[in-house]
Amino acid sequence: MITRAKLSIADKRSLALRSIETAPMNIDLSKMIVNKPWGYEYLLTNTPLVEVWHLSLDYLMSTSTHCHPNKKTALLVLEGKALFSTLKKTVKLSPHDAAIIDAGVFHSTKCISKKGLKLLEIETPPMKHDLVRLKDNYGRADTGYETREKMELTNVSYIKFRGEEAHMVNNFCNNFLRISFIRTDEELKTLRSNKPKLVVVLNGFIKFKDEILYRVGDVIKPNILNNKKISFTNALLLSISGI
């Protein structure tokens with residue numbers, strides 16, 4: 001299931017009541033683990049257009065009710081179960097479910113699985129400072145992103161992709177994660193053979209004739225890849241396959 005959270009009047013009103021100014025962060029987040037009251041997050045891979053973060057939430061812990069005024073976000077469940085909430089609705093997300101969130105939509109994610117919750121967060125464009133918190137269980141309402149004091153250097157125990165080159169990460173939260181260039185029919189055939197559950201566009205476009213169907217940051221179901229009428233332009237895809 002892919003659920004979509006669209007900007008509402010309630011979101012616009014709530015954001016209008018906040019006057020928080022944020023500035024770009026002068027920290028190399030690619031080297032950091034960011035500690036959170038609900039767990040931690042770190043940058044898994046990125047391009048100039050998109051960032052992919054890995055989030056780990058503890059049982060019954062929740063992110064703040066927050067929005068990103070200027071960037072599109074998607075959340076993909078790898079392991080565990082979540083309650084995903086906006087100002088309008090709450091839905092349950094299970095492994096290989098995703099939520100696509102318009103810029104400006106207030107949302108929160110709560111872990112409801114005893115063994116914890118593992119997510120991928122797709123953000124485009126890369127603007128980690130683009131954050132407005134409305135409500136928070138840990139006293140962070142109306143504050144910006146975590147400061148350097150909440151961060152520590154990563155070590156080899158934290159799995160990461162090696163830049164943008166095509167390769168696979170084995171057994172990441174009970175999934176295989178692959179980055180693939182799609183330039184030839186053979187590369188597309190290889191991607192299909194891996195039987196992905198979800199696919200994320202990291203670069204380029206997926207088109208039907210001259211119409212752009214999917215662009216950077218979009219999450220798609222893999223059956224789209226079987227459509228012989230689609231074409232790929234400078235496509236770099238992240239695919240998630242179950243073990």
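**A buried serine, an open sheet and a pocket**

In this predicted model, Ser 108 sits in strand 10, which spans residues 107-111. Its relative accessibility comes out at 11%, and since anything under 20% counts as buried, Ser 108 goes down as buried. Leaving aside residues up to four places away in sequence, Ser 108 makes contact with two stretches of the chain: Ser 62, Thr 63, Ser 64 and Thr 65 on the one hand, and Leu 83, Phe 84 and Ser 85 on the other.

Next comes the sheet. Eight strands make up an open sheet, and reading across it gives the order 1-9-6-11-4-3-2-13, with mixed pairing. Strand 1 (2-5) and strand 13 (151-153) are the edge strands, each of them pairing on one side only. On average, neighbouring strands in this sheet are turned by 25° against each other, direction ignored.

One pairing within the sheet can be followed down to residues. Strand 4 (residues 51-57) and strand 11 (residues 117-124) run antiparallel and are joined by 7 bridges. Val 52 is part of this picture, with Ile 122 in strand 11 as its bridge partner.

Strand 6 takes in residues 72-79, and Glu 79 is found there. How buried or exposed is Glu 79? With a relative accessible area of 28%, Glu 79 is partly exposed, because that class covers values between 20% and 50%. Again setting aside residues up to four places away in sequence, Glu 79 touches Pro 95, the run Gly 116, Leu 117 and Lys 118, and also Cys 173 and Asn 174. Lys 115 is 36 residues from Glu 79 in sequence, while the C-alpha atoms of the two are 9.0 Å apart in space.

That leaves the pockets. The largest pocket has a volume of about 150 Å³. It is lined by 14 residues, and those closest to its centre are Ile 27, Leu 29, Glu 51, Pro 126 and Lys 128. Which elements give two or more residues to this lining? They are strand 3 (39-46) and strand 4. Both of these strands also appear in the order of the open sheet. Sorted by class, the lining of the largest pocket holds 8 nonpolar residues, along with 3 polar and 3 charged ones.

Note on methods:
Residues numbered from 1 in each chain as written. Predicted model: local features only at pLDDT ≥ 70, side-chain atom pairs only at ≥ 80, totals over all residues. Heavy atoms only, no water. Helix = DSSP H or I, 4+ residues; strand = E, 2+ residues; numbered from the N terminus. Buried < 20%, exposed > 50% of the residue type's maximum accessible area, 1.4 Å probe, protein only. Contact = heavy atoms within 4.5 Å. Pairing = 2+ DSSP bridges. Axes fitted to C-alpha atoms, helices over the stretch in contact; angles between N-to-C directions. 1 Å grid on protein atoms, 1.4 Å probe; cavity = no way out; pocket = protein on both sides within 12 Å on 5 of 7 lines; lining within 4 Å. Points joined across faces, edges and corners; volume = space filled by probe spheres on them. Nonpolar A, V, L, I, M, F, W, Y, C, P; charged D, E, K, R; others polar.
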